[in-house]
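Me: I am new to this structure and should like to understand the terms applied to it. Please set out the reasoning behind each one.

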Amino acid sequence: MERIYERDPYAKPSGRQQHSRGRQPKPRSEWMDVLLFYVLPFIAVNGLLFLLVAARPHISIQLIDTKDYKTAKASITVTSILPIKEFSSTQEGSPLDLLKEKSNHYTADISKNGVIEIYAKSINGMTTVQHEHVNILDDVAPAVNDQYFIKDGILTLTLEDSQSGLDYQSVCATNSEGVSFPPASINRQTGTFTFEIGTGGLVIHASDLAGNAMQATFNTHTEDSGSGYEPNNIPSESHAPAPSSSLSEQDTQAGIYIDTTTP
């Protein structure tokens, strides 16, 4: 026999039924719809447009330290959100050849001092110019220190070079007869040299380790008045000697004329 159960219309609903009825979804507020479907998309789209319109290429230039003071390398990186439309590289107004290592990385061989300029323009018309000053190469010849003098027929002078350093093997003198000879003595700690000097004078030759050469001409004469040193048509790059209180009376009567030039 089949049992038939009838529901009592006056019975209270069970706990499960009450719980399911209590989980009705709450209506979403209008401001949340506006935020999700209008405000946030508007900010995202306009931010992206501004980024695309105002984006500039970024250029990085790094100098790799020189080993011989004659050449150096420059490492150049160009990054951009948009494709690059124009790109150029110069040094002191002259084209600078770049070697492409990767899609956005280049290297350049630098053989002289001067300002490197890298220019890039993306397809949105925004440009970037980056400069880097190169001053690590040695393009200056050695110089004669002001403290030089003659005593007892011996010329004493000091040579200086602030970058690659003095090539001591290159230092020599040539007399008025064209005979070349090495220094009589060398002090490598101070860069001081001595030479025997005659009445005809000497031409001192020297180079630095980068190959920059110079020569300085020294002449002597005797002043009847004993007035000391006087310049004699010395060019601007020459060193004009000055009296020294440490010299003897005989020394102060010997004038030294020096003409420094770079061959």
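**Sheets, burial and contacts**

Reply: To begin with one sheet of this predicted model: four strands form an open antiparallel sheet, in the order β4-β3-β7-β8. Its edge strands are β4 (94-95) and β8 (127-134), each of which pairs on one side only.

Me: How do you know that β3 and β4 are paired?

Reply: Pairing requires at least two bridges between two strands. Strand β3 (residues 84-91) and β4 are joined antiparallel over two bridges, so the requirement of at least two is met. Within this pair, T90 stands opposite P95 in β4.

Me: Which other sheet is described, and what makes its outer strands edge strands?

Reply: A further open sheet consists of four strands in the order β1-β2-β6-β5, again with antiparallel pairing. Its edge strands are β1 (58-64) and β5 (99-100), as each of them pairs on one side only.

Me: How do you know that the neighbouring strands of this sheet are paired?

Reply: The criterion is at least two bridges. Seven bridges join β1 to strand β2 (residues 72-79), and the two run antiparallel. β2 and β6 are paired in the antiparallel sense over six bridges. Two bridges join β5 to strand β6 (residues 105-110), also antiparallel. Each of these joins therefore satisfies the criterion.

Me: Which residues are bridge partners in this sheet?

Reply: S60 has T77 in β2 as its bridge partner. T77 in turn has the bridge partner H105 in β6. K100 is partnered by Y106, also in β6.

Me: What makes the contact between D109 and K73 a salt bridge?

Reply: The term requires a side-chain nitrogen of Lys or Arg within 4 Å of a carboxyl oxygen of Asp or Glu. For D109 and K73, the closest N and O atoms are 2.5 Å apart, so the pair falls within the limit of 4 Å. The pair links distant parts of the chain, with D109 in strand β6 and K73 in strand β2, 36 residues apart. In general, side chains of opposite charge can pair when their charged atoms come close. A search of the whole structure finds one salt bridge.

Me: Why is D109 called exposed, while K73 is called partly exposed?

Reply: Exposed means a relative accessible area over 50%. D109 has 55% and is therefore exposed. K73 has 39%, so K73 counts as partly exposed, a class that lies between 20% and 50%.

Me: Why is S170 called buried?

Reply: Buried means under 20% relative accessible area. The value for S170 is 18%, and S170 is therefore buried. This residue is found in strand β12 (residues 166-175).

Me: How do you know that the side chain of S170 makes a polar contact with S207?

Reply: The distance limit for such a pair of N or O atoms is 3.5 Å. The side chain of S170 reaches the backbone nitrogen of S207 at 2.9 Å, so the distance lies within that limit. Leaving aside neighbours within four places in sequence, S170 is in contact with H205, A206 and S207.

Me: What makes D167 partly exposed?

Reply: D167 has a relative accessible area of 24%, and therefore counts as partly exposed. D167 is found in strand β12. Leaving aside neighbours within four places in sequence, D167 is in contact with S207, D208 and L209. The C-alpha atoms of D167 and N212, which are 45 residues apart along the chain, are separated by 9.8 Å.

Me: Where is G198, and why is G198 called partly exposed?

Reply: G198 is placed in the loop between β15 (192-196) and β16 (202-208). Its relative accessibility is 40%, so G198 counts as partly exposed. The C-alpha atoms of G198 and G153 are separated by 6.8 Å, although these residues are 45 residues apart along the chain.

Me: What can be said of the protein chain as a whole?

Reply: The protein chain has three helices and 18 strands. Of its 263 residues, 30% count as buried. Among contacts with a separation of 6 or more, 60% come from residues 24 or more positions apart. The chain exposes about 17600 Å², of which carbon and sulfur atoms supply 52%.

Technical notes: Residues are numbered from 1 along each chain as its sequence is written. This is a predicted model: local features need pLDDT of at least 70, side-chain atom pairs count only at pLDDT 80 or more; totals for chains, interfaces and linings use all residues. Side-chain values use heavy atoms; hydrogens and water are left out. Buried means under 20% relative accessible area, exposed over 50%, partly exposed in between (1.4 Å probe, protein chains only). Contact means heavy atoms within 4.5 Å. Accessible areas come from the Shrake-Rupley method with a 1.4 Å probe; for residues, only the protein chains shown count as cover. A polar contact is a pair of N or O atoms within 3.5 Å; within protein, one must be able to donate a hydrogen and the other to accept it, and residues adjacent in sequence count only if both atoms are side-chain atoms.
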